[in-house]
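Thank you all for coming; I would like to walk you through one sheet and what packs around it, and then say something about the cysteines. Please have the viewer open while I talk.

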Amino acid sequence: MADQGGSDRTVAWIVEHVEDAEWWVTKPDNRASGRPDGANRRRPTVYQVADLAGVSIATVSRALRPDEPVAPETRQRVLAAARTLNWWPSRAAQTLAGDAHDAVAIVMPDLAGPYYAQVVAGFESEVVGRDSVVMVLATHGRAASERLVRELASRIDGLVVMGESFPEEILHELAAQVPLVLVARPALPAVTTLVCENVEAAETLTRHLFDHGRRRLRFVGDPEGTPDVWERWTGFVRAHTDAGVALVDGPLACDRLEPESGYLAGLEVLRDPEVDAVVCANDELASGVYRAAAELGRTVGEDLAVTGWDDVTLAAHLSPRLTTVRQPMRQLGAAAGRLLFDQIGGARVSPRTVQLDTELVIRQSCGCPA
């Protein structure tokens with residue numbers, strides 16, 4: 001129940017902050033906002049406080065900070081206006097204004113799919129109870145991401161960065177500014193890094209398919225896209241080399257790790273009727289390959305083996321149930337939170353690389369009996 005309450009608090013903060021940002025940035029004058037009257041009454045804003053007190057919003061901000069030089073009568077007018085409107089800045093607004101932060105952030109390449117959702121949930125579960133706000137920044141490859149993360153770093157107590165969201169020089173710059181933990185990317189000197197094991201698990205998974213007599217395997221996923229997928233491809237190749245089995249072809253890169261991309265990749269790799277196994281970089285791609293196989297008259301678990309990675313909820317509900325590698329996604333986020341707060345709390349911990357174990361989960365899509 002504590003996790004759920006923390007999630008509700010984070011969602012409530014996001015809604016509150018987004019509404020405030022819209023008013024502050026794009027609707028500075030309520031009377032000219034163009035919104036229905038009911039929307040204007042929904043929540044008092046800093047602009048209404050400033051209007052009532054007869055000051056600017058910058059003065060409102062300063063008046064609410066006891067250490068700022070504001071005339072006593074002005075401070076009293078602002079406080080009286082705030083009480084009249086029943087308004088007070090949220091913790092998030094104070095954080096963004098540059099006061100004592102009580103906030104941490106996690107930066108991710110994307111937010112789509114269960115993998116990122118579970119990592120964020122795990123991270124948030126570690127933050128709840130510490131009286132901190134969680135901020136989330138998804139880069140989506142935007143050119144403005146470097147500027148945004150620099151600005152964010154000046155307003156938080158600690159930062160987690162997932163994947164190769166930024167070049168090394170930016171990460172070194174951030175590490176000099178704020179406690180930093182890297183997740184699911186190659187380690188950097190003097191920065192704590194958290195990863196999940198990929199190579200050995202991929203080797204084990206591939207050898208399991210060889211044990212079923214599969215010899216024409218294809219890999220679906222883009223090794224150039226993320227370090228995790230690169231390591232899974234590496235394990236796939238090593239297993240072929242060790243077993244003396246020739247690679248059929250290189251990886252079939254997908255633009256996204258989602259079902260539609262898996263479906264299109266499945267249609268392509270299964271043009272070769274001799275392909276008898278498809279190793280997917282995650283479970284969502286595997287679900288798309290299932291659909292392609294059905295359209296092409298292939299039977300998963302019989303003449304075709306399909307495997308995934310992550311062991312999201314979907315994996316156990318596909319038919320046949322999906323053989324995959326379980327990655328501790330939620331634990332990954334929680335561990336990142338603990339490592340970050342160790343630094344924030346001043347613990348004398350040397351930067352290191354921490355690796356979490358993964359686990360092969362054998363079900364029926366590889367050909368094993370139920």
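Let me begin in the middle of the sheet, where Val278 of strand 7 has Val306 in strand 8 as its bridge partner, and where, towards strand 6, Arg218 stands opposite that valine, Val278. Strands here, like helices, are DSSP runs numbered from the N terminus, with at least two residues of type E for a strand and at least four of type H or I for a helix. From strand 7 the chain crosses through helix 13 to strand 8, and this β-α-β crossover is right-handed, in the sense that, with the strands pointing away from the viewer, the path from the first strand over the helix to the second runs clockwise.

Before going further, a word on what we are looking at: this is a predicted model, in which local features need pLDDT of at least 70 and side-chain atom pairs count only at pLDDT 80 or more, while totals for chains, interfaces and linings use all residues. Residues are numbered from 1 along each chain as its sequence is written, and side-chain values use heavy atoms, with hydrogens and water left out.

The sheet itself is open and consists of three strands in the order 6-7-8, with parallel pairing, where two strands count as paired if DSSP finds at least two bridges between them. Its edges are strand 6, residues 217-220, and strand 8, residues 305-307, each of which pairs on one side only. Four bridges join strand 6 to strand 7, with Val220 opposite Cys280, whereas strand 7, residues 277-280, pairs with strand 8 over three bridges, one of which links Ala277 to Ala305.

In a regular strand the side chains alternate between the two faces of the sheet. In strand 7, Ala277 and Val279 lie on one side and Val278 and Cys280 on the other, and all are buried, meaning under 20% relative accessible area with a 1.4 Å probe and protein chains only. Strand 6 shows Leu217 and Phe219 pointing one way and Arg218 and Val220 the other, again all buried.

What do these strands help to build? The largest nonpolar core has 40 residues, and those with the most contacts inside it are Val220, Val278, Cys280 and Val306; such a core is a set of buried Ala, Val, Leu, Ile, Met, Phe, Trp, Tyr and Cys residues joined through side-chain atoms within 4.5 Å. Strands 6, 7 and 8 each supply at least two residues of this core, and so do helices 10, 11, 12 and 13. Apart from it lies another core, of 26 residues, among them Tyr115, Val119, Leu340 and Phe341.

Cys280 deserves a closer look, being buried with a relative accessible area of 1%. Leaving out residues up to four places away in sequence, its contacts (heavy atoms within 4.5 Å) include Val220, Leu285, Val289, Val306 and Trp309.

Why is Cys280 not in a disulfide? A disulfide is a pair of cysteine sulfur atoms within 2.5 Å, and the closest cysteine sulfur to that of Cys280, in Cys254, is 7.9 Å away, which is too far for a bond. Cys366 is in no disulfide either, with the sulfur of Cys368 nearest at 3.6 Å, and Cys366 is buried at 0% relative accessible area. By this rule the count comes to zero disulfides.

How values were computed
Buried means under 20% relative accessible area, exposed over 50%, partly exposed in between (1.4 Å probe, protein chains only).
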